[in-house]
Amino acid sequence: MTPKLRGKSAIVGTGHAGFGEAHGLTAYDVMAQSALAALGDAGLKLSDVDGLFCTMMEDSMPALMAAEYLGIQPRFIDGTMTGGSSFVNYLTSATMALEAGLCDVALIVYGSNQRTASGRLVTASRPPAYEAPYNPRYPISAYAMAAARHMHEFGTTREQLADVAVAARAWAQHNPEAFERGPLSLEDVLGARMVADPLTVRDCCLVTDGGGAIVMVRADRAKDFPKAPVYVLGSAAESSHRQISQMKDFTVTAARESGARAFDAAGVSPADIQVVELYDAFTINTILFLEDLGFCAKGEGGAFVEGGRIAPGGVLPVNTNGGGLSCVHPGMYGIFTVIEAARQIRGDAPGIQLRDVDLALAHGNGGVLSSQVTAILGSQNTL
Amino acid sequence: MPDATGPDQIFQRALTNGEIVLPRCDDCGAYHFFPRVLCPHCHGTAISWHPASGKGRVHTTTVVRQKLERGGDYNVCVVELEEGVRMMSRVEGIAPRDIVIDMVVTAFVGGAEGQPAVLFKPAEV
């Protein structure tokens, strides 16, 4: 997205469903409940939706399945699948479609029942042919190797990785919607079962059910809805690889490029951002993205997160809902970074509500650090 | 595969014969991996095949923990070959926890998941 599209679209509704365990429901049931919740929030009906932005872990044509299930016939559809970043990516295509008049009400939606259906992380993709023979455990082996390289190059420690998990839990403990709210100490994370060195089970995101949805309209009618509009000031994507063995530098992600372009479109800098929502599939993600998005220098992410600096009361509020590590992680988490950022700006966050938030950043990650998408959202005051 | 013509077929047929070959671009001279019909560096399409030196270095590594009754812990790593390409693989002949970044390794054709595959062992010094 370029500065030309700054503030041209707005989020006027958010919703979610099936957080934790959605017993008896299919992934599409959870998707539909999320859609209804977001439309209810916006004071709209399913029949108002004429643009659908959706992908799921099920089926090869999930957006078509979703439209059919919802009983709508969208005139614009985007089912681009870049993994968990897809839903942040849809902010760009939805803004473009709205601005071009290709649709008037855009619904971004996702749902999953991976926890109650199988109890493990569900992935729709097969391991790549040149990696599969070595039996990597997807996706953790990839993130473990990125973490190992970061520790090797910059001296990042397991304690610093654990700091990320402890901070996420501290936010989650105040969020009644979060799935894991029990106490979690540095020692708990370090002493947890090792899954793929250097990552323990507490360095890994949750495996939950859940769905989320976002309703967007053109900015010129954004004030006609019950909730305060949240404007998309900038959004940008960059992808660098698909297979982890093809990642050029295991310590630098394409968030460097997606972030720089999102900031440029929004006309703001990292120092202006009041709250940061990052896709924390693993603890190393938070460190990598804080560096690559410019909140600290490369290699200093470990020190940046130390000692509660991104926890409640710290220097930078990061993942204020508890993140994928402690709030919810139904296979693809990206949409929840946008929902929490929007709610912080609107002032109706479910957990700790920060004061007077005008600018928030949401960042999605897809594949194995493959697809990076950054969005900057703002209140009416930022236009 | 007597009539191996595609890049993947050529690579796999060589493995079946116990050889590791790597694709190199005739235009820019750079190697690439995985095999494909174009050079990902300069996008040239004249690709030729060359025996791999077999010399590599562990770029990054992990130990996938697994219960003993399911086969126990094993290594997954990414090795950078002298030719400048990287591949996912496994280092054998050493405990998974003793494999470290920058360890010098030598390639050999072994078996993985019932297929011939490029594996590595610690280089003899």
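Two strands count as paired when DSSP finds at least two bridges between them. Keep that in mind, as strand pairing comes up further down. One more thing before we look around: this is a predicted model.

## The two chains

Let's start with the overall picture. Chain A has twelve helices and eleven strands, while chain B has one helix and seven strands. Reading along the sequence of chain B, you meet the pattern α-β-β-β-β-β-β-β. The table puts some values for the two chains side by side.

| Chain | Residues | Buried share | Span of the C-alpha trace along the principal axes |
|---|---|---|---|
| Chain A | 383 residues | 62% | about 50 × 40 × 40 Å |
| Chain B | 125 residues | 30% | about 45 × 30 × 25 Å |

How does the radius of gyration of chain A fit with a compact globule? A compact globule with 383 residues would come out near 21 Å, and chain A has 19 Å, which agrees.

Contacts between distant parts of the sequence tell you a bit about each fold. Take the contacts in chain A with a separation of 6 or more: 78% of them are between residues 24 or more positions apart. For chain B, among contacts between residues at least 6 apart in sequence, 45% join residues at least 24 apart.

## Where the chains meet

The contact between the chains takes 19 residues from chain B and 19 residues from chain A. On the chain B side, the elements that give two or more residues are β3 (55–64), β4 (74–81), β5 (86–89) and β7 (115–122). The largest share there comes from β3(B), with five residues. What is this side of chain B made of, in terms of nonpolar, polar and charged residues? It divides into ten nonpolar, five polar and four charged.

## Two domains in chain A

The domain assignment splits chain A into domain 1 (3–119 + 208–228) and domain 2 (137–183 + 234–382). Taken over C-alpha atoms, the centres of these two domains of chain A are separated by 22 Å. Domain 1 of chain A puts 31 residues in contact with 37 residues of domain 2 of chain A.

Looking at the domain 1 side of that contact, the elements of chain A that give two or more residues are β1 (9–20), α3 (86–99), β4 (106–112) and β7 (209–218). Of these, α3(A) gives the most, with six residues. The residues on this side of domain 1 of chain A divide into twelve nonpolar, 16 polar and three charged.

## Strand β10 and its partners

Now for a closer look at one strand. Strand β10 (residues 359–366) of chain A is mostly covered, with eight of its eight residues buried. In a regular strand, side chains alternate between the two faces of the sheet. In β10(A), A:Leu359, A:Leu361, A:His363 and A:Asn365 point one way, while A:Ala360, A:Ala362, A:Gly364 and A:Gly366 point the other way, and all are buried.

Which way does β10(A) pair with strand β9 (residues 275–278) of chain A, parallel or antiparallel? The two pair in the parallel sense, over four bridges. Within that pairing, A:Leu278 has A:His363 of β10(A) as its bridge partner.

With strand β11 (residues 371–378) of chain A, β10(A) runs antiparallel, and eight bridges join the two. Here A:Asn365 has A:Gln372 of β11(A) as its bridge partner. β10(A) and β11(A) form a hairpin with four residues between them, and in the turn A:Gly367 has a positive phi of about 70°.

## The nonpolar core and helix α6

The largest nonpolar core has 157 residues, and those with the most contacts inside it are A:Leu107, A:Ile108, A:Tyr143, A:Val338 and A:Leu377. Helix α6(A) supplies the largest share of this core, ten residues. Leaving out residues up to four places away in sequence, A:Leu107 touches A:Ala35, A:Val49, A:Gly51, A:Leu52, A:Phe53, A:Ala213 and A:Val215.

Helix α6 (residues 158–172) of chain A is also where you'll find A:Ala168. Why does A:Ala168 count as buried? Because it has 30 other C-beta atoms within 10 Å, and the cut-off for buried is 20 or more. Apart from neighbours within four places in sequence, A:Ala168 is in contact with A:Asp280, A:Asn319, A:Gly322, A:Gly323, A:Leu325 and A:Ser326. Finally, A:Gly20 lies 148 residues from A:Ala168 along the chain, and their C-alpha atoms are separated by 16 Å.

How values were computed. Residues numbered from 1 in each chain as written. Chains lettered and ligands numbered in written order. Predicted model: local features only at pLDDT ≥ 70, side-chain atom pairs only at ≥ 80, totals over all residues. Contact = placed C-beta atoms within 7 Å. Nonpolar A, V, L, I, M, F, W, Y, C, P; charged D, E, K, R; others polar. Domains from an automatic or database assignment. Buried ≥ 20, exposed ≤ 12 C-beta atoms within 10 Å, placed from the backbone. Rg over C-alpha atoms; globule rule 2.2 N^0.38 Å. Core = buried A, V, L, I, M, F, W, Y, C linked by C-beta atoms within 7 Å.
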